[in-house]
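Before reading on, please take a moment to look through the sequence and turn the model around in the viewer. The report that follows begins with a question and then works from a pair of helices out to single residues.

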Amino acid sequence: MTASSPTAGFGTLAWIFFLLQLSGVVAGAYFYYAHTERNLARYTFFRQVGIALLILGGVGLLAAILRLIGIPVISQRLWFWILLLVDLAAAGYMTFYMRKILPALEKAQVGKRPVRASQQRAVAAADQPPPAPRPVATTSRREARRERKKKK
């Protein structure tokens with residue numbers, strides 16, 4: 001488990017691990033940046049899953065790249081087994097959350113509509129008094145420019 005194997009190279013299991021971590025990073029980027037949901041609870045869940053996948057996949061890719069380079073401490077199989085256990089624990093928790101906790105949160109959000117940013121600005125603008133009117137200009141634009149040039 002703790003033996004360093006730089007002469008063995010990157011075996012089949014290591015390549016599978018590398019590809020799984022790469023697919024985790026890609027899936028995390030999709031969930032965080034591109035995935036859309038109407039239900040706010042599911043939207044929040046998938047954004048958090050995206051962050052977790054990006055972090056876990058990034059650490060796994062870093063460990064795999066360091067093993068490919070041949071750094072002796074990281075080339076130990078122990079690190080890959082630890083990362084695999086962390087990935088499995090995270091997948092188990094995500095599955096538990098999706099099956100047990102998320103349905104209740106989705107039901108609580110059914111009647112509510114997500115508030116868009118433009119709606120928030122409109123509500124905030126309605127709460128404030130209207131701005132004071134601008135004063136009437138006493139000079140023309142041309143005269144104002146000439147005065148500004150004279151000051152320089």
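How close do the axes of H2 and H3 come, and at what angle do they cross? In this model, which is predicted, the axes of H2 and H3 come within 11 Å, and they cross at roughly 175°. Because angles over 145 degrees count as roughly antiparallel, H2 is roughly antiparallel to H3. On the side of H2, the residues that make the contact include Phe45, Val49, Leu56 and Val59, while H3 contributes, among others, Phe80, Leu83, Met94 and Leu102. Sorted by class, the contact of H2 with H3 has 17 nonpolar, 1 polar and 4 charged residues; among the residues of this contact are Arg42 and Arg67 of H2, together with Asp87 and Glu106 of H3.

**The chain as a whole**

The protein chain has 5 helices and 0 strands, and from the N terminus on its elements run α-α-α-α-α. Of its 152 residues, 20% count as buried. Among contacts in the protein chain with a separation of 6 or more, 70% are accounted for by residues 24 or more positions apart. The chain exposes about 11,900 Å², and carbon and sulfur atoms supply 65% of that area.

**Helices H1 and H2**

The table sets out the span of two helices, each from its first C-alpha atom to its last.

| Helix | Number of residues | Span in the model | Expected span |
|---|---|---|---|
| H1 | 23 residues | 32 Å | 33 Å |
| H2 | 30 residues | 43 Å | 44 Å |

For H1, which covers residues 12-34, the span is close to the value expected at 1.5 Å a residue, and for H2 the distance between the end C-alpha atoms agrees with the expected one as well.

Which residues of H1 are buried? They are Ala14, Phe17, Phe18, Gln21, Gly24, Gly28 and Phe31, and what covers them includes helix H2 (40-69) and helix H3 (77-108). Several of these positions follow one another at short steps along the sequence, and a general rule helps in reading such a list: an α-helix has 3.6 residues a turn, so residues three or four places apart point the same way. In H2, the buried residues include Ala41, Phe45, Phe46, Val49, Gly50 and Gly57, and what covers the buried residues of H2 includes H1 and H3.

**Two single residues**

Is Gly28, which lies in helix H1, buried or exposed? Gly28 counts as buried because its relative accessibility is 0%, and a residue is called buried when that value is under 20%. Leaving aside its neighbours within four places in sequence, Gly28 is in contact with Gly50, Leu53 and Leu54. The C-alpha atoms of Gly28 and Arg47, which are 19 residues apart along the chain, are separated by 8.4 Å.

Ala91, by contrast, lies in helix H3, and with a relative accessible area of 38% it is partly exposed. Although Ala91 and Leu53 are 38 residues apart along the chain, their C-alpha atoms are separated by 9.6 Å.

Conventions. Residues numbered from 1 in each chain as written. Predicted model: local features only at pLDDT ≥ 70, side-chain atom pairs only at ≥ 80, totals over all residues. Heavy atoms only, no water. Helix = DSSP H or I, 4+ residues; strand = E, 2+ residues; numbered from the N terminus. Expected span 1.5 Å × (residues − 1). Buried < 20%, exposed > 50% of the residue type's maximum accessible area, 1.4 Å probe, protein only. Contact = heavy atoms within 4.5 Å. Axes fitted to C-alpha atoms, helices over the stretch in contact; angles between N-to-C directions. Parallel < 35°, antiparallel > 145°, perpendicular 65-115°, else oblique. Nonpolar A, V, L, I, M, F, W, Y, C, P; charged D, E, K, R; others polar. Areas by Shrake-Rupley, 256 points an atom, 1.4 Å probe, with all protein chains shown as cover.
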